[in-house]
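The following report describes selected helices, sheets and aromatic contacts of one protein chain. It is best read with the sequence and the coordinates at hand.

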Amino acid sequence: MHAADLPDFVEREANLAKRNTLGLPAHAALYARITSVEQLAALADFYAPGDCRFFVLGGGSNLVLSGDFDGLVLHMAMSGRALVGEDADAWYVRAGAGENWHDFVQWTLAQGWPGLENLSLIPGTVGAAPIQNIGAYGLEAGDRFHALTAFDMQRGESVRFDRAGCRFGYRDSVFKQEGWHLDGRFVITDVTFRLPKHWQPLTGYADIAKELAAQAIEEADARQIADAVIAVRQSKLPDPAEIPNTGSFFHNPVVAAATAEQLLAAYPNLPHYPQADGGVKLAAGWLIDQAGWKGKDLGPVGMYEKQALVLVNRGGATGADVLALMQAVQRDVQEKFGVELTPEPVFL
């Protein structure tokens, strides 16, 4: 890539410190704020795997910057949201990849289109939601997904991915499986969700049921569930604007049924959730707490005192500090429970 030939909307030596919610210091050699497909088309000629690294940035809420980035950061800021279709069973709602996820969810509810309420207050952008297959309180983005449009930087054209093509898994998708979220080949430009007209509430998680009971709500509507989710998340999770963090730092591990049975015999209070495939999902936050890391710091970073699953930057941290704490927590949980924790954020 010859920087001199790049379009004039590309910035050199961009500071990324305020573009990641952990507040880690780093610079990008090249940076572009993307608001149109035309900009992506103008940059497609420069995409060459092995020559110049491309990285697609959303809200920076699921990112650990290990240091300066020597490639081109594509910061997605494509906006827009609209009802693009409906049938007897669902509304089809599309949003630009740069739309704030929480704002989008609240907008759908305001229009009378339920279905995403359990995913309220999850940080990040609409375009990042299918990559990570974000989820909370019994719902995943993939459950409501219909299709997305992505720009193929290698071929210089827009392509469509349906639900099958995204190969959704637990906090996973084809974009992670193929490493496309790291090499910048497929840049998601918009996402369409299928929101059910025959909606059923999802209130099975204890925290949500407890919050609704405290408000004496027996048959919650979507707005009330969203408010309960927001209240629970705010009670446990720090605001990144006040305490830099990436939200939940580790995946909830899924173990074999036999392993779960052994752990429950030793630790009867271990929160666990049987899965359709026969595995059992364990609460990573509980494991971290029991391993002694809740509210404990290692240098300028620590595991949050109200939710052990959240890694926070107390001030002045670097990517190396985050990596050291992550490895220490993983080691202690492995030694105590024999369970491996996997981080959720992307390390760049």
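In this predicted model, helix α12 lies across β17, β18 (301-303) and β19, and its direction makes an angle of about 30° with that of β18. The helix comprises residues 319-337, 19 in number, and it reaches 27 Å from its first C-alpha to its last, close to the 27 Å expected at 1.5 Å a residue. Its buried residues are Gly319, Val322, Leu325, Met326, Ala328, Val329, Asp332, Val333 and Phe337. An α-helix has 3.6 residues a turn, so residues three or four places apart point the same way. After α12 comes glycine 338, which has a positive phi, near 70°.

The strands that α12 crosses belong to an open sheet of four, ordered β13-β19-β18-β17 and paired in antiparallel fashion. Because β13 (245-248) and β17 (297-298) stand at the edges with a single partner strand each, one side of each is left without a neighbour in the sheet. The partner of β13 is strand β19 (residues 310-313), to which two bridges join it in an antiparallel arrangement, and serine 248 stands opposite valine 310 in β19.

A second open sheet of four strands has the order β1-β2-β5-β3, but here the pairing is mixed. Its edge strands, β1 (10-15) and β3 (54-57), each pair on one side only, and the twist averages 35° from one strand to the next. Four bridges join β3 to β5 (residues 69-76), and these two strands run parallel; valine 56 stands opposite leucine 74 in β5. Helix α1 (residues 37-44) lies across β1, β2 (27-34), β3 and β5, running at about 140° to β2.

The helix-on-sheet arrangements can be set side by side.

| Helix | Strands it lies across | Reference strand and angle |
|---|---|---|
| α12 | β17, β18, β19 | β18, about 30° |
| α1 | β1, β2, β3, β5 | β2, about 140° |

Helix α2 (residues 101-110) is mostly covered, with eight of its 10 residues buried, namely Trp101, His102, Phe104, Val105, Gln106, Trp107, Thr108 and Leu109. The elements that cover these buried residues include β6 (81-86), β7 (90-96), α3 (129-132), β12 (186-196) and α9 (222-236). At the N-terminal end, asparagine 100 acts as a cap, a side-chain oxygen lying 3.1 Å from the backbone nitrogen of histidine 102. Histidine 102 itself counts as buried, since its relative accessible area is 17%, and, leaving aside neighbours within four places in sequence, it is in contact with Ser120, Leu121, Ile122 and Ile230. Beyond the other end, α2 is followed by glycine 112, whose phi is positive, near 85°.

Aromatic side chains provide a further set of contacts. Trp101, Phe104, Trp107, Trp113 and Phe193 form one aromatic cluster, and the structure holds 20 aromatic pairs. In one pair, the rings of tyrosine 137 and tyrosine 205 have their centres 6.0 Å apart and their planes at 85°, so the geometry is edge-to-face. Tyrosine 137 lies in the loop between β8 (135-136) and β9 (139-140), and tyrosine 205 in the loop between β12 and α8 (206-214), so the pair ties together parts that are 68 residues apart in sequence. Tyrosine 137, at 16% relative accessibility, counts as buried, whereas tyrosine 205 is partly exposed, with a relative accessible area of 27%.

How values were computed. Residues numbered from 1 in each chain as written. Predicted model: local features only at pLDDT ≥ 70, side-chain atom pairs only at ≥ 80, totals over all residues. Heavy atoms only, no water. Expected span 1.5 Å × (residues − 1). Buried < 20%, exposed > 50% of the residue type's maximum accessible area, 1.4 Å probe, protein only. Pairing = 2+ DSSP bridges. Contact = heavy atoms within 4.5 Å. Axes fitted to C-alpha atoms, helices over the stretch in contact; angles between N-to-C directions. Polar contact = N/O pair within 3.5 Å; in protein donor to acceptor, adjacent residues only side chain to side chain. Phe/Tyr/Trp six-rings, centres within 6.5 Å; stacked < 30°, edge-to-face > 60°.
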